[in-house]
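This report covers one helix, the pockets and the cysteines. Read it beside the coordinates.

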Amino acid sequence: MEDKGRKVVVSALQFACTDHVSTNVATAERLVRDAHKLGANIILIQELFEGYYFCQAQREDFFQRAKPYKDHPTIIRMQKLAKELGVVIPVSFFEEANNAHYNSIAIIDADGTDLGIYRKSHIPDGPGYEEKFYFNPGDTGFKASVGN
C-alpha cells in the first residue's frame, strides 16, 4: 500500500544579524523563500533574529528593542509570508508585556494563522549570556490563541 501522507521538510535558518531590524527581517524573508523553493514547509528562523545577540552585556537601553505581541510588525509580516508560501514559521521576538519582558516565539501556521505564543522558561545566565537581565521566565507553557 502506498503512503500518501504529507511530506514534512524542516529547514533551520542561521545568518549574521545587523543592528537594523528591517535588514534582518528582509534577510529572514529571503531565506524563508529560498528554503521554500528547496521544499521546506516548516521553516525555523534563529532566535531573536531582529537584531544582533544583545544579551552579552547588561544595558538598559536594549530594553527599547522589546515590542508587545499584539500587532507586532515582524509577526504580521511573517503571517503574510507564511500564508503566501503555505509554510509554518515560528517567529522569535523580544516581547514586552505589562511590566515584564520575555524571550517569546509566535507560531505561525501555513495559512497565516497565529496559533499563539510560548515564552521561554529556561533563561541562561553566565559569561556571554546575560539573559536573566533581560527576560523574565516564561509564564505561558504554550498558549494557543485559536478558539480562545
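G39 follows helix α1 and has a positive phi, near 105°. The model is predicted, and that applies to every value here.

Helix α1 covers residues 21-37, 17 residues in all. What span should α1 have at 1.5 Å a residue? The expected value is 24 Å, and the end C-alpha atoms are 24 Å apart, so the two agree.

Eight positions of this helix can be named as buried: N24, V25, T27, A28, E29, L31, V32 and A35. E29 is among them, as is N24. Which elements do the buried residues of α1 pack against? They pack against β1 (10-12), β2 (42-44), α2 and β3.

Two of those partners return in the pocket analysis. α2 (73-85) and β3 (89-97) each give at least two residues to the lining of the largest pocket. V21, E50, G51, R65 and F94 lie nearest the centre of that pocket. V21 is also where helix α1, residues 21-37, begins.

The table sets out the two pockets.

| Pocket | Volume | Lining by class |
|---|---|---|
| Largest pocket | about 250 Å³ | eight nonpolar, three polar, four charged residues |
| Second largest pocket | about 150 Å³ | five nonpolar, three polar, one charged residues |

The largest pocket has 15 lining residues. The second largest pocket is lined by Q14, F15, C17, Q46, E47, L48, G51, Y52 and Y53. G51 appears in this lining, and G51 is also one of the residues nearest the centre of the largest pocket. A docking setup that treats the two sites separately will meet G51 in the lining of the largest and of the second largest.

C17, in the lining of the second largest pocket, leads to the cysteines. How many disulfides does a search of the whole structure find? The count is zero. C17 is in no disulfide, and the nearest cysteine sulfur, that of C55, is 12 Å away. A disulfide needs the two sulfur atoms within 2.5 Å, so at 12 Å C17 and C55 do not qualify. C55 is likewise in no disulfide, with the sulfur of C17 as its nearest cysteine sulfur.

Are C17 and C55 buried or exposed? C17 has a relative accessible area of 21%, so C17 is partly exposed. The cut-off for buried is under 20%. C55 has 0% relative accessibility and therefore counts as buried.

Methods: Residues numbered from 1 in each chain as written. Predicted model: local features only at pLDDT ≥ 70, side-chain atom pairs only at ≥ 80, totals over all residues. Heavy atoms only, no water. 1 Å grid on protein atoms, 1.4 Å probe; cavity = no way out; pocket = protein on both sides within 12 Å on 5 of 7 lines; lining within 4 Å. Points joined across faces, edges and corners; volume = space filled by probe spheres on them. Helix = DSSP H or I, 4+ residues; strand = E, 2+ residues; numbered from the N terminus. Nonpolar A, V, L, I, M, F, W, Y, C, P; charged D, E, K, R; others polar. Buried < 20%, exposed > 50% of the residue type's maximum accessible area, 1.4 Å probe, protein only. Expected span 1.5 Å × (residues − 1). Contact = heavy atoms within 4.5 Å.
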